[in-house]
Structures are given as C-alpha cells and as structure tokens.
Amino acid sequence: MATKPERFITDGIRIDGRRPEEIRPIKIEVGVLDRADGSCYIEHGLNKILAAVYGPREVHPRHMQRPTTAIVRFRYNMASFSVEERKRPGPDRRSTEVSKVSREALEPVIFRENFPKASIDVFVEVLQADAGTRTVGINAASVALADAGIPMRGLVSACAVGKVDGELVLDPMKEEDNYGEADMPLAMTQKGEITLLQMDGNLTAEELERAIEMAQKGCRTIYELQRDALIERYKKEIEKEENNKEEEEEEENK
Ligand code: CDP
C-alpha cells in the first residue's frame with residue numbers, strides 16, 4: 001500500500017495538484033451497455049465505475065413484491081482487481097452496507113408508487129477504486145436510472161469531504177482517505193435535500209457544518225456534469241423530436 005505522505009498540503013496545493021475545494025477530473029458516459037435498460041460509466045480521478053439498471057420489471061422472488069410500490073434493489077460490488085490488495089470476490093459487510101446506504105440515497109427521488117409489484121434493480125461494479133467509490137457509484141446509478149427512463153424527481157449527486165493536515169478537502173483521493181483525519185460522504189437531490197450523510201474520523205461541529213456546505217457545492221458541480229452527459233446522450237433524439245414537431249406544425253399551418 002502507498003505510504004503516508006509527510007505532508008498532504010503544501011502551499012495550498014494537495015499531493016495530486018488540487019486545491020482544497022477542487023474535485024478530481026470526471027468523465028461521464030451514458031448508455032454504455034446494450035443489454036441493460038439504463039447504464040452509465042464514470043471515471044472520477046482514478047475510480048472507474050459502471051452502473052447498470054434493469055426495470056421496472058416483475059419481482060422475483062414473488063414474495064418480495066409490494067402491492068402499492070416498486071422495490072429498489074441496489075448491489076454494489078468491488079471487482080477483485082479493483083484494489084491494491086486483491087479483494088475476495090463476493091459480498092461482504094462493507095459492500096452490504098454500501099449497497100444499503102446507496103439505495104437509501106436514491107429511493108427518495110424515484111416515483112416508486114408508479115410501479116406497484118415491480119422491481120428496479122441497480123448494479124454498481126467498481127472496476128478500479130481510489131476512494132469515494134460509494135459516492136461515484138451513486139452518481140453513476142442516478143444517471144443510469146435516468147437513462148433507463150425511470151420517472152424521477154431529479155438526479156442525486158454525491159461527493160465526500162475529508163480532512164488532512166487539519167484542513168477540510170473536497171473529494172479525497174486514496175492517500176487522503178487512508179491517512180486523513182476524517183471522511184464524510186454526502187449525497188443530495190437536485191433540490192439540495194441530503195439523502196446520505198456518513199462520517200468516519202473526527203470533525204468539530206463547526207468543521208462538520210463547513211464540510212456539509214463544501215460537499216453540497218461539490219454535488220452541484222457533479223450534478224451539472226451528470227446533466228450534461230444525459231443531454232449529450234439524448235441530444236440527437238431531442239433534435240429529431242424537435243424537427244418532427246416543426247414538420248407537424250408546418251403541415252398543420254398549410
Ligand atoms: O470507496 P469509499 O470511499 O466509498 O469507501 P471506503 O470504505 O471509505 O473505502 C475507501 C477506499 O479504500 C476505497 O475507495 C478503496 O480505494 C479502498 N479499499 C481497498 O483498497 N480495499 C477494500 N477491500 C476496500 C476499500
């Protein structure tokens with residue numbers, strides 16, 4: 001494992017060249033899997049994460065059906081080659097926890113009541129991990145849900161705030177997460193409602209307040225990238241629809 005750096009911040013610059021409130025570079029691709037109803041691939045710093053959505057579809061096993069609402073199932077999985085020390089394949093306590101909190105971060109924006117007895121299944125596969133995988137997984141899942149055409153109140157965006165050398169930093173990377181003093185992932189809806197808030201380590205009440213504000217700012221930046229990626233994917237379809245509408249209107253006016 002990488003060793004602990006002597007200093008995390010030198011002259012206001014972090015070990016990977018970022019300023020404290022700067023997010024890692026992000027690349028979002030929508031609709032990358034042909035067999036899923038919706039999908040999204042995100043590179044966020046050194047993280048590489050894929051999300052696939054299936055549904056709404058009939059629930060199996062049947063006894064899990066809910067008569068008035070759809071159920072959401074979320075499976076977060078880390079590939080064994082995604083981390084420095086090979087991860088034992090299969091679910092473990094950590095992935096069960098991440099799956100649960102990620103599902104709960106997304107559920108509030110999904111119109112589940114539109115699909116009684118159905119399931120909406122979300123799969124997140126971490127191909128390469130470098131801290132913040134739960135937040136990147138939520139970002140990818142949110143876009144994949146939209147790509148699947150699941151009716152939603154808006155997107156969910158997530159990012160973390162850490163603390164290194166006594167200073168708060170947005171979007172910690174691996175060394176900052178491993179050796180830092182705190183790590184606080186947060187997810188929020190487009191309206192700014194917080195749907196996930198966790199914390200490892202120690203922050204004062206004042207730091208916590210500032211960390212929440214910082215994470216919310218990060219989420220707003222990420223939201224714009226998610227939205228742009230969806231627009232890019234559907235630009236052609238939107239243009240086609242607009243052209244058709246114009247043609248129809250012209251026909252009507254003749
Ligand atoms: O990934 P996230 O920050 O959401 O969760 P974490 O439990 O705080 O894990 C932080 C990082 O530790 C992960 O992103 C991985 O880079 C690393 N990790 C690892 O190397 N091996 C594991 N079995 C689990 C996590």
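Biologist: In β7, which residue is the bridge partner of Leu-50?

Modeller: Glu-125. Mind that this is a predicted model: local features need pLDDT of at least 70, side-chain atom pairs count only at pLDDT 80 or more, and totals for chains, interfaces and linings use all residues. Numbering runs from 1 along each chain as its sequence is written, and side-chain values use heavy atoms, with hydrogens and water left out.

Biologist: How do you know that β5 and β7 pair?

Modeller: Two strands pair if DSSP finds at least two bridges between them, strands being DSSP runs of E, at least two residues, numbered from the N terminus. β5 and β7 (residues 118-128) have 9 bridges, in the antiparallel sense, so they pair.

Biologist: And what makes β4 and β5 a pair?

Modeller: The same cut-off is met by 7 bridges between β4 (residues 38-44) and β5 (residues 47-58), running antiparallel. Glu-43, for one, has Lys-48 as its bridge partner in β5. Their hairpin has 2 residues between the strands, and Gly-45 takes a positive phi near 60 degrees there.

Biologist: Over to the ligand. Why is the approach of Thr-133 called a polar contact?

Modeller: That term needs a pair of N or O atoms within 3.5 Å. A polar side-chain atom of Thr-133 is 2.5 Å from a ligand oxygen, so it qualifies. Arg-134 also does, with a polar side-chain atom 2.8 Å from an oxygen of the ligand.

Biologist: What makes 6 residues of the shell around the ligand charged?

Modeller: Asp, Glu, Lys and Arg count as charged, and the shell includes Arg-94, Asp-130 and Lys-174.

Methods. A residue is near a molecule or strand if one of its heavy atoms lies within 4 Å of it. A polar contact is a pair of N or O atoms within 3.5 Å; within protein, one must be able to donate a hydrogen and the other to accept it, and residues adjacent in sequence count only if both atoms are side-chain atoms. Helices (H or I, at least four residues) and strands (E, at least two) are DSSP runs, numbered from the N terminus.
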